[in-house]
Amino acid sequence: MKFVAYYRVSEMHGLALNSLRNSVERHVTQEGGKLIREFVETVTDFGQVGEVFEAAVRQCRRDKAVLVLAESDPLSRQLGMLARLVQQHVSLSAAGHSDVNKVLEPLFTDARADGGSGATQSKAKKKSSCNAMRGNPDLECARTTSSEVRRKKADEFAVKYYDDVLQLRTHGHSFAAIAELFNAAGRQGPRGGAWHATSISNLMKRCQGDSQKRPTD
């Protein structure tokens with residue numbers, strides 16, 4: 001696996017570049033990867049990135065590399081920035097934050113997989129439409145159990161994403177920010193639509209309302 005390092009150093013606080021490099025090098029070694037390039041940007045506000053960051057992202061896209069941040073960089077916890085990277089199909093890894101990486105990895109995987117899903121979804125909709133025109137001999141039977149089926153599917157859907165939502169909430173992210181990130185990753189929301197703050201809130205309520213719906217070891 002190839003990595004591109006992006007370091008932000010502060011004009012005001014003078015963060016030691018060597019310390020940032022050490023955290024990244026340890027992470028790359030642990031992942032069995034190779035650091036192919038480094039980018040260093042001097043910033044006055046750690047809530048922003050500049051042209052050097054954009055250059056690092058372009059490098060990652062060109063070399064199909066993972067963008068890796070130093071342990072002290074809060075960028076991996078800024079969901080707006082994560083959404084930008086997901087949309088550009090650039091994976092992100094945070095040195096020294098295994099809990100964050102567990103959440104990030106499936107999001108970027110979903111985004112890459114979603115790239116070829118459009119045609120499949122279109123075919124599925126067309127097939128469904130054709131079946132509806134021909135009629136369904138089991139329609140009456142299906143109607144009698146539709147409520148139970150919908151409830152079961154909703155429970156399974158909630159459990160599928162509960163751990164990711166819980167981890168992001170633990171790091172202080174709002175329902176709206178999580179919804180934005182899920183949409184950027186190409187994750188289909190409830191009923192196949194987009195995610196909203198209420199979607200995330202309802203998902204958590206559904207799982208937390210019944211302990212049996214939570215994933216177990």
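Two strands count as paired here if DSSP finds at least two bridges between them. Keep that in mind while looking at this predicted model, starting with strand 1 (residues 2–10) and strand 2, which pair in the parallel sense over nine bridges. To pick out one spot on that seam, find Val9: its bridge partner in strand 2 is Thr42.

Now step back to the whole sheet. It's an open one with four strands in the order 2-1-3-4, and the pairing is parallel. Strand 2 (34–43) and strand 4 (92–94) sit at the edges, each pairing on one side only. Going from one strand to the next, the twist averages 25°. Helix 1 (residues 17–30) packs on this sheet and touches strand 1, strand 2, strand 3 (66–69) and strand 4. The direction of helix 1 makes about 155° with that of strand 1.

Helix 2 comes next, and its length is easy to check. It has 13 residues (51–63), which at 1.5 Å a residue should span 18 Å, and its end C-alpha atoms are indeed 18 Å apart, so the two agree. Which residues of helix 2 are buried? They are Phe53, Ala55, Ala56, Val57, Gln59 and Cys60. As a general point, an α-helix has 3.6 residues a turn, so residues three or four places apart point the same way. The buried residues of helix 2 pack against strand 1, strand 2, strand 3 and helix 3 (79–87).

Cys60 deserves a second look. With a relative accessible area of 2%, Cys60 counts as buried because that is under 20%. Cys207 is buried too, with a relative accessible area of 0%. If you're wondering about disulfides, a search of the whole structure finds zero.

Just after helix 2 you reach Lys64, whose phi is positive, near 50°. That's a positive value in a residue other than glycine. Lys64 is in the loop between helix 2 and strand 3, and at 73% relative accessibility it counts as exposed, because the cut-off is over 50%. His89 also has a positive phi, near 60°, and isn't a glycine either. Look for His89 in the loop between helix 3 and strand 4. At 45% relative accessibility, His89 counts as partly exposed.

Further along the chain, turn to the aromatics. A search of the whole structure finds six aromatic pairs. Take Tyr161 and Trp195: their ring centres are 5.5 Å apart and their planes are at 90°, so this pair is edge-to-face. Tyr161 lies in helix 7 (residues 146–170), while Trp195 lies in the loop between helix 8 (175–184) and helix 9 (197–208), so the pair ties together parts that are 34 residues apart in sequence. Are these two residues buried or exposed? Both Tyr161 and Trp195 are buried.

Trp195 has another partner, Phe182, in a pair that is also edge-to-face, at 5.1 Å centre to centre with 80° between the planes. Phe182 is in helix 8 and Trp195 in the loop between helix 8 and helix 9, so this pair ties together parts that are 13 residues apart in sequence. The relative accessible area of Phe182 is 0%, so Phe182 is buried, and Trp195, at 2%, is buried as well. Put the rings together and you get a cluster: ring pairs link Phe157, Tyr161, Phe182 and Trp195.

Methods. Residues numbered from 1 in each chain as written. Predicted model: local features only at pLDDT ≥ 70, side-chain atom pairs only at ≥ 80, totals over all residues. Heavy atoms only, no water. Helix = DSSP H or I, 4+ residues; strand = E, 2+ residues; numbered from the N terminus. Axes fitted to C-alpha atoms, helices over the stretch in contact; angles between N-to-C directions. Contact = heavy atoms within 4.5 Å. Disulfide = S-S within 2.5 Å. Buried < 20%, exposed > 50% of the residue type's maximum accessible area, 1.4 Å probe, protein only. Expected span 1.5 Å × (residues − 1). Phe/Tyr/Trp six-rings, centres within 6.5 Å; stacked < 30°, edge-to-face > 60°.
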